[in-house]
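Visitor: I should be grateful for a close look at one part of this structure, namely the packing around a single element. Please set it in the context of the chain as a whole, and then turn to some individual residues.

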Amino acid sequence: MRIYELDAFRGIAAMAVVIYHYTTKYNEVFETTSVLNFPYGWLGVPLFFILSGFVITLTVNRCMSPFDFLFRRFMRLYPTYWICLLITLGLVYASDFKMFKLPLIDVLMNFTMVGEIFGFNYVDGSYWSLLPELLFYLLMAFLMLFKKTNNVLLYNIPILIICLINYFWQITFLWRLLYYVPLFMIGISMYNIHVGKKENYFHILIVCNLAMSIFLYQNLRGNIFPITLYATSFTSFVGIFYLFVYGKLKFLGNSKVLVFLGAISYSLYLIHENVGFIIINYLDTYFEMKNLSITIAIIVSIVLAYVVTFYLEPPFNKIIKKLKFKFDHNKVLILK
């Protein structure tokens with residue numbers, strides 16, 4: 001059963017990131033000055049991570065095996081990502097924005113989603129958050145393999161200890177996951193409270209992961225913002241989730257606009273940044289109306305995300321599922 005409040009959260013988070021990129025981030029990239037500023041919109045990303053922890057626990061409980069789980073996650077992440085990547089590449093290379101054009105090897109590595117591990121650059125700056133998601137999925141698949149996903153206390157405590165070690169001595173090959181995994185763990189704990197598990201340790205784990213998230217983010221972002229900002233923001237997210245799990249935010253799920261934005265949020269997140277930057281910069285060349293440029297960029301990004309989500313992704317998914325079915329069928333015949 002679809003939980004529409006989660007769609008509303010996704011919609012809010014996605015639009016916060018979009019507006020942040022089209023105002024504050026745009027001003028930084030193009031070294032412009034503008035009264036339009038939304039410096040805290042990036043906080044939509046940590047909200048996405050908490051949401052992901054909640055939703056992934058729901059997915060894990062519906063999967064029969066680690067392979068089934070990974071395949072479902074692959075189908076959720078990669079087809080849409082590849083489509084948005086190709087659209088972004090098409091627009092970037094059709095434009096005269098040299099700053100967004102990468103060497104061929106970097107472009108090819110972007111299709112794997114893990115190029116950063118090997119030192120390659122992203123085609124679009126927004127793609128950085130996909131690697132922590134991917135690593136988190138691998139962690140959950142590993143726990144599924146040993147049938148430990150239900151024992152949150154058992155695996156969350158070692159994770160917190162490793163995160164603490166990483167705070168003082170960065171674990172190079174895992175740092176992308178370790179800086180964000182406490183946020184995923186908050187979502188996991190919230191899911192368990194939501195489904196009626198009343199064990200007190202879920203609340204204790206939420207507090208521990210919240211504290212770890214605040215300090216890790218402060219360390220990661222090099223004291224750009226005061227620690228009080230992270231404490232206030234992340235604690236607010238947790239408070240909002242408590243209201244949600246206890247059924248106090250049902251009105252959000254009744255908002256057709258927020259639910260729609262939530263439905264296209266993944267595509268919107270992937271498609272908006274460079275595409276929007278090019279549109280805004282092009283319009284600013286001819287019109288001195290920043291509000292209009294940003295509005296048009298938002299509209300175009302939403303339309304593209306809608307087309308990707310409802311018209312391009314479904315047939316792509318069908319092709320991949322058919323290939324998987326044929327592979328599984330041939331595998332069974334060989335084993336027989």
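Guide: A residue is called buried when its relative accessible area is under 20%. By that criterion, 51% of the 336 residues of the protein chain count as buried in this predicted model. The chain has 14 helices and zero strands, and from the N terminus on every element in the series is therefore written as α, as the run α-α-α-α-α-α-α-α-α-α-α-α-α-α shows. The C-alpha trace spans about 60 × 60 × 45 Å along its principal axes. For a compact globule of 336 residues, a radius of gyration near 20 Å would be expected, and the value of 21 Å for the protein chain agrees with this. Among contacts with a separation of 6 or more, 74% link residues that are 24 or more positions apart.

The part to examine closely is helix α3, which comprises residues 66-94, together with its packing against α2 and α5. Two packed helices are described by the distance between their axes and by the angle between them.

Consider α2 (residues 44-60) beside α3: their axes come within 10 Å and cross at roughly 135 degrees. An angle of that size does not exceed the 145 degrees required for a roughly antiparallel pair, and α2 and α3 are therefore oblique to each other. The crossing is right-handed. On the α2 side the contact is made by Ile56, Thr59 and Val60, and on the α3 side by Phe69, Arg72 and Arg73. Sorted by class, this contact has three nonpolar, one polar and two charged residues.

The pairing of α3 with α5 (130-145) may be read in parallel. Here the axes come within 9 Å and cross at roughly 165 degrees, which makes α3 roughly antiparallel to α5. This crossing, too, is right-handed. From α3 the contact draws on Pro66, Phe69, Leu70, Arg73, Leu77, Tyr78 and Tyr81, and from α5 on Leu130, Leu134, Tyr137, Leu138, Met140, Ala141, Met144 and Leu145. These residues divide into 14 nonpolar, no polar and one charged. Phe69 and Arg73 of α3 thus take part in the contact with α2 as well as in that with α5.

The loops on either side of α5 each contain a residue of note. Most residues other than glycine have a negative phi. Met113, in the loop between α4 (104-110) and α5, has instead a positive phi of about 75 degrees. Met113 counts as buried, because its relative accessibility is 2%. Lys147, in the loop between α5 and α6 (152-168), likewise has a positive phi, near 55 degrees. Lys147, however, is exposed, with a relative accessible area of 75%.

A last residue lies in another helix: Tyr242 belongs to α10 (residues 227-245). At 23% relative accessible area, Tyr242 is partly exposed. Apart from neighbours within four places in sequence, Tyr242 is in contact with Met190, Ile193, His203 and Ile206. Between Tyr242 and Lys25, which are 217 residues apart in sequence, the C-alpha to C-alpha distance is 31 Å.

Key: Residues numbered from 1 in each chain as written. Predicted model: local features only at pLDDT ≥ 70, side-chain atom pairs only at ≥ 80, totals over all residues. Heavy atoms only, no water. Axes fitted to C-alpha atoms, helices over the stretch in contact; angles between N-to-C directions. Helix = DSSP H or I, 4+ residues; strand = E, 2+ residues; numbered from the N terminus. Parallel < 35°, antiparallel > 145°, perpendicular 65-115°, else oblique. Left-handed = near helix turned anticlockwise from the far one by under 90°. Contact = heavy atoms within 4.5 Å. Nonpolar A, V, L, I, M, F, W, Y, C, P; charged D, E, K, R; others polar. Rg over C-alpha atoms; globule rule 2.2 N^0.38 Å. Buried < 20%, exposed > 50% of the residue type's maximum accessible area, 1.4 Å probe, protein only.
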